[in-house]
Amino acid sequence: MEFQDSDFTPVDACPWCGARSAEYMYTSRHASRVARCVACGVWYSARQLNAAGLRKFWSDYLNEDHRADGDALRKRNAMYAIDYAYAVQFLPEKAAVLDVGCADGLFLDFFHKAGHSCCGVEFGHAAALEAAKKYRVWEGVFPDLQIDAFFDMLLFRGVLQYFQEPQKYLRKAVELLKPGGYIYITAQPNMDSFCHTLYKEKYNQALSATDFVGYTKKPLASFFSGHGLRLAGEAYFYEETPYADVPRDIARVSAALEEKARSGVVAGSSPPFWGNMMTLMFQKNV
Ligand SMILES: [Zn+2]
């Protein structure tokens, strides 16, 4: 995907808490300076896609990125199965589920097959049309949508990094949740992970102008606690994922540590590893 300078906008306040107390940590893809907010600990790119850039990004998303080749698709499906298996233990039978950023609905398919009632929200037009062949889908920017239903679980799978005003999304999610219902955040890069700390811009989930915001558990748990939800579960999938090759990954991290000790810099990019990807389950108080 080709971006021009006119597709970007500078960001000078934390997209999570609005503070202007950034520590600049490194420069990443799209010449993005990556900051860590001193006030809340959330990471963000100081260069983000503007409205024109976002349209370009999401119109290409289904073709270029999401519909990858056979092997990537097989691995993605295996990850969906892992993420689904974790979620389903919290769900009552015939639950109402809303996937925010549902793409073409493939993750929802797992919930549908188990008898749950599935709906989606999607910003990308082509993906929304695809998902709407199977499920009720609201197309557009989630906080602006009129959604006349309540849910037992809202899914945020690998999407929080794309939201420019994330608290608006999460407040909307809390509003749409039944008492005792869950907000499921998964496939979320963990900025507190060992690999992010070691590899910085070479972390395999590094921030950029397209993936703007990076989370750790603390600000999310603190936000939800202030909105009447408690942390009901957390997991950091790695060994059970199709991306793990434990001996190879350990060898790569070990070589990176040696190189860092020798030269101060790490070459190559981070492998999949323990702690890289975060899964959090929050439950609304009854
Ligand atoms: Zn902040």
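Colleague: What makes these seven strands one open sheet, and in which order do they run?

Modeller: The strands follow the order 8-7-6-9-10-13-12, with mixed pairing. Strands here are DSSP runs (E, at least two residues), as helices are (H or I, at least four), numbered from the N terminus. This is a predicted model: local features need pLDDT of at least 70, side-chain atom pairs count only at pLDDT 80 or more, and totals for chains, interfaces and linings use all residues. Residues are numbered from 1 along each chain as its sequence is written, and side-chain values use heavy atoms, leaving out hydrogens and water.

Colleague: Why are strand 8 (136-139) and strand 12 (229-235) called edge strands?

Modeller: Because each of them pairs on one side only.

Colleague: How do you know that strand 12 pairs with strand 13 (residues 277-284)?

Modeller: Two strands pair if DSSP finds at least two bridges between them. Strands 12 and 13 have six bridges, in the antiparallel sense, so they count as a pair. Arg-230 stands opposite Gln-283 in strand 13.

Colleague: Why is the site of the zinc ion called tetrahedral?

Modeller: Four donors count as tetrahedral if all angles lie between 85 and 135 degrees. The angles among the four donor atoms are 104 to 116°, so the site qualifies.

Colleague: What makes the coordinating atoms of the zinc ion donors?

Modeller: Donors are N, O and S atoms within 2.8 Å of the metal (3.2 Å for Na, K and Ca). The SG atoms of Cys-14, Cys-17, Cys-37 and Cys-40 coordinate the zinc ion at 2.3 Å, therefore they count. Along the chain, the donors follow the spacing C-x2-C-x19-C-x2-C.

Key. Four donors count as tetrahedral if all angles lie between 85 and 135 degrees; four count as square planar and six as octahedral if opposite donors are over 155 degrees apart and all others between 65 and 115; anything else is irregular.
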